Amino acid sequence: MTTNGGFQPVFCTIVPPHVLDKLARNEDPALSGPARRSLEHDAFQRTKRRLTTVIGATAVAPPAGAAADQPHRTIYDAEHTQDLPGTKVREEGSEPGSDATVNRAYAGLGATFDLYLKVYGRHSIDDNGMPLDATVHFGENYDNAFWNGEQMVFGDGDNEVFLDFTIPVDVIGHELTHGVTQHTANLEYYGQSGALNESLSDVFGSLIKQYTLGQTAAEADWLIGAGLLAPRVTGVALRSMKAPGTAYDDDVLGKDPQPATMEDYVRTGRDNGGVHINSGIPNHAFYLAATALGGYAWEKAGQIWYDVLTGGELKEDALFADFATLTVKATRERYGAGDELRAVQKAWEQVGVRTL
C-alpha cells in the first residue's frame, strides 16, 4: 500500500542512462556493444514496467505460514537471456552453492531485510512480509542492475568497465529501497522528486553496507558501488555522498557530473530531469548530517530520513526544500531542539537547500 495512492510506473537502474549513452558511442566495440545492448534491455524493461502498471500487477503475498520477521528469498538464473524470472537456483534456507553471484545476491537481500527489520521495524519491502526475488546473469554482458517494481535483476557486467553487479551490497540495498519508496512516499520519478527517490536509495543502500560492516559514520567510505568498476576505469565508484562529483574521472566514462550543492544544480531533460545527477545534493546533505551526529549513521540520521519517507506527509512531487523541511520537523519531534536539530539544519544550509 502506498501513502499517496497508486504506484508510479518506475523502472530504476543503478547505472545512469548518461553513462551508458557515453559508452555506447565509444569506438571500441568491446565497450560500445555491451552498452548498446544494455540500453536496449533497459528500454524493453521500462516499457514492460509501464504496461504492467497500466494492466495491473498481481500483488505478491508472503508464503502461507511464513514468519514476518524472517526473509523469504528466491534467486533465479536468467542464463544470459532477458526472460524473467528465470530458473530457480536458490531459495530461503538452502545452502550456498558454487555460483558466487547467486550467493552474493542471496546475502544482499538478507542484509537489506535485516537493516529494515532490526533498525526500523519494517517487515520487508512493503512492510507486509513481501518475498524478495532476484534474478542473476541477466542478458549478455548486461551493464546494470534494476528494480522493476516486483523484483531485483542483476547483470554480470562487461568486465571492461563494469564487473558483476552483485559485488557491492549497497547496489542491492539501493535497488530494493526503490521498492520501499514505491510502497511508501511513492515519489514521482522526475526532477527533484525523482532525485529524492534516487537519493533515498543511495542513503539506505549506504546504510545497509555500513550496518553489514559495523561501520560508524566516520569509518564509512560513503561510496555507492565501490568495487563495481573494472580495473581499467579511473574511478572508485558510481557516486560519492561525501564528495559528489569525484567518484570517477575517466577517459571512457568521463567525469562524475554530480553536484554537491544547489549552486551547481543541473537542469536537463535527460535522465528524467537528471535524477541520478542532482541526487548528489540531498546525498551530500545526509552525509553532512550523519557525520555531524556521529556514531552509527542508521541510528539518528537514518531514523530521521526513514521517518520522513514513511511518515505520510511527503508528497509525490516533493521538492528538495519540502523534504528538507520535513527532516527538520521529524528531528524536532524525535530529538527536540538540541544538537540533532542543529546538525540537520546546518546540513541542508551547507548544500543550499532552504528549510521552512
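## Exercises on a predicted model

His-137 sits in the loop between β4 (132-136) and β5 (145-147). The structure here is a predicted model, and each exercise below comes with a worked solution.

**Exercise 1.** Work out whether His-137 is buried or exposed, and look up the sign of its phi.

*Solution.*
- Step 1: take the relative accessible area of His-137, which is 13%.
- Step 2: compare that with the cut-off, where buried means under 20%. His-137 is therefore buried.
- Step 3: turn to the backbone. His-137 has a positive phi of about 55 degrees, and it is not a glycine.
- Step 4: put that in context. Most residues other than glycine have a negative phi.

**Exercise 2.** Explore the loop between β2 and β3: find out what is special about the backbone at Glu-79 and which kind of peptide bond joins Leu-84 and Pro-85.

*Solution.*
- Step 1: place the residues. Glu-79 lies in the loop between β2 and β3, and Pro-85 is in that loop too, with β2 spanning 73-77 and β3 spanning 87-91.
- Step 2: check phi at Glu-79. The value is positive, about 55 degrees, even though Glu-79 isn't a glycine.
- Step 3: check omega between Leu-84 and Pro-85. With omega at about 5 degrees, the bond is cis.
- Step 4: recall the usual case. Most peptide bonds are trans.

**Exercise 3.** Describe the surroundings of Thr-331, and decide whether Thr-331 is buried or exposed.

*Solution.*
- Step 1: find the element. Thr-331 belongs to helix α9, residues 320-335.
- Step 2: read the accessibility. Thr-331 has 0% relative accessibility, so it counts as buried.
- Step 3: list the contacts. Setting aside residues up to four places away in sequence, Thr-331 touches Ile-304, Gly-336, Glu-340, Leu-341 and Val-344.

**Exercise 4.** Do the same for Thr-355, then find how far it is from Arg-104.

*Solution.*
- Step 1: locate Thr-355, in the segment after α10 (339-350).
- Step 2: its relative accessible area is 27%, so Thr-355 is partly exposed.
- Step 3: skip neighbours within four places in sequence, and Thr-355 is in contact with Ala-324, Thr-325, Val-328 and Trp-348.
- Step 4: Thr-355 and Arg-104 are 251 residues apart in sequence, and their C-alpha atoms are 40 Å apart in space.

**Exercise 5.** Find which feature UniProt places at residues 72-182, and how much helix and strand the chain has there.

*Solution.*
- Step 1: an unreviewed UniProt entry gives "domain: Peptidase M4" for residues 72-182.
- Step 2: over that stretch, the chain is 32% helix and 19% strand.
- Step 3: the end C-alpha atoms of residues 72-182 are 19 Å apart.

Conventions:
Residues numbered from 1 in each chain as written. Predicted model: local features only at pLDDT ≥ 70, side-chain atom pairs only at ≥ 80, totals over all residues. Heavy atoms only, no water. Helix = DSSP H or I, 4+ residues; strand = E, 2+ residues; numbered from the N terminus. Buried < 20%, exposed > 50% of the residue type's maximum accessible area, 1.4 Å probe, protein only. Contact = heavy atoms within 4.5 Å. UniProt positions renumbered as here; feature names shortened; annotations may be inferred.
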